[in-house]
Amino acid sequence: MSQQDEYTPPKVWKWIKESGGTFANINRPIAGPTHDKELPVGKHPLQLYSLATPNGVKVTVMLEELLAAGIAGAEYDAWLIQIGDGDQFGSGFVSVNPNSKIPALMDHSTPTPTRVFESGAILLYLADKFKAFIPADPAKRAECLSWLFWQMGSAPYLGGGFGHFYKYAPYRMQYPIDRFTMEVKRQLDVLNQHLADNQFMSGDEYTIADMAIWPWYGQLAAGKVYDAAEFLDAATYTHVNRWTREIAAREPVQRGRMVNRTSGELHEQLHERHDASDFENRTQDKLEPAE
Ligand SMILES: N[C@@H](CCC(=O)N[C@@H](CS)C(=O)NCC(=O)O)C(=O)O
């Protein structure tokens, strides 16, 4: 008998801490801080507290795109939040995001500091604040927001569903893998059909919708998320692959991917970003020999 056949849910669910899986040490059924820890504040108007997961990368790509477009007000400090160590449960972080998940942003350029959490809300906040990467025309704006919210609603099927059961669960179960693979392939097909007729998600304009979708579905198709490109037969989504390559070639995207990254090639890891020169001088290949 397989492990999944043996489970009979009790009348009332109880938290068994050693339930297994990659994130078992940080998953908990209660909200709020576990410890006191203030967040650091740097010199720039925008303070980002994050990690280079797909949700984190959305925001660092947007900030690097804004800076590349000459918008100096988008200067930012990016502080590392190590979610595997439970930094998201520190009191300072929880006061910026009561949901204890990266990314979280504080805007110190407003009369009193403004907190923003949820990656989609952060993208929209920055796009509206700087009037960039969001169409001004109402119909095009509606299309852009539709795809942005599509991503926010779809990603949990990819991350919490497919990714969790394909990669992180303590053992492989066919039922959830089949269920979420079906849904993720359907989502890839939604994108593929749309991108067959559109250069970007909102037509010919590169927007926050692309920035939200690319770190998840673009990186999935490129084999950089969950190592699942072959399993999902990702090569067959040719229009998604074309769009993925086009966005990956943008320099601000390449920089954004590096910020708060703690895995992979050392020269692609910039644990914290406080200045544009950090990309040259403070990647881990430069820092680690000295440490
Ligand atoms: N809907 C949220 C999801 C954020 C999210 O799931 N963040 C993950 C990393 S990608 C996290 O911080 N996990 C830590 C935890 O669950 O304790 C968003 O888009 O901002």
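**Notebook: helices, sheet and ligand shell**

I began with the helix pair: α1 and α3 are roughly parallel to each other, because angles under 35 degrees count as roughly parallel and their axes cross at roughly 10 degrees. A reminder to myself before going on: this is a predicted model.

**Entry 1, the helix pair.** I looked up both ends of this packing. Helix α1 covers residues 54–68, and helix α3 covers residues 119–130. Their axes come within 9 Å. Which residues make the contact? From α1 I noted N55, K58, V59, M62 and L66. From α3 I noted S119, I122, L123, L126 and F130. Sorted by class, the contact of α1 with α3 has seven nonpolar, two polar and one charged residues.

**Entry 2, the sheet.** Next I traced the strands. I found an open sheet of four strands with mixed pairing, in the order β2-β1-β3-β4. Which strands sit at the edges? They are β2 (76–80) and β4 (114–117), and each pairs on one side only. From one strand to the next, the twist averages 20 degrees.

**Entry 3, strand partners.** I then followed β3, residues 104–107. β3 pairs with β4 in the antiparallel sense over four bridges, and β3 also pairs with β1 in the antiparallel sense over four bridges. Looking at single positions, I saw L105 opposite V116 in β4 and M106 opposite R115 in β4. On the β1 pairing, Y49 has A104 in β3 as its bridge partner. How many residues does the hairpin from β3 to β4 pass through? I noted six residues for that connection.

A general point to keep beside these pairs: in a regular strand the side chains alternate between the two faces of the sheet.

**Entry 4, helix on sheet.** Back to α1, this time against the strands. Helix α1 lies across β1 (46–50), β2 and β3. Its direction is about 155 degrees to β1.

**Entry 5, the ligand.** Last, I listed what surrounds the ligand. The shell holds I26, T53, N55, I83, Q88, S100, K101, I102, P103, E118 and S119. How does this shell divide by class? I noted four nonpolar, five polar and two charged residues. Two names here were already in my notes: N55 and S119 are among the residues around the ligand, and N55 of α1 and S119 of α3 are also among the residues in the helix contact.

Terms used: Residues are numbered from 1 along each chain as its sequence is written. This is a predicted model: local features need pLDDT of at least 70, side-chain atom pairs count only at pLDDT 80 or more; totals for chains, interfaces and linings use all residues. A residue is near a molecule or strand if its C-beta atom, placed from the backbone, lies within 6 Å of it. Ala, Val, Leu, Ile, Met, Phe, Trp, Tyr, Cys and Pro count as nonpolar, Asp, Glu, Lys and Arg as charged, and the others, Gly among them, as polar. Two strands pair if DSSP finds at least two bridges between them. Axes are lines fitted to C-alpha atoms, for helices over the stretch in contact, and angles run from 0 to 180 degrees between N-to-C directions. Two residues are in contact if their C-beta atoms, placed from the backbone, lie within 7 Å. Angles under 35 degrees count as roughly parallel, over 145 as roughly antiparallel, 65 to 115 as roughly perpendicular and the rest as oblique.
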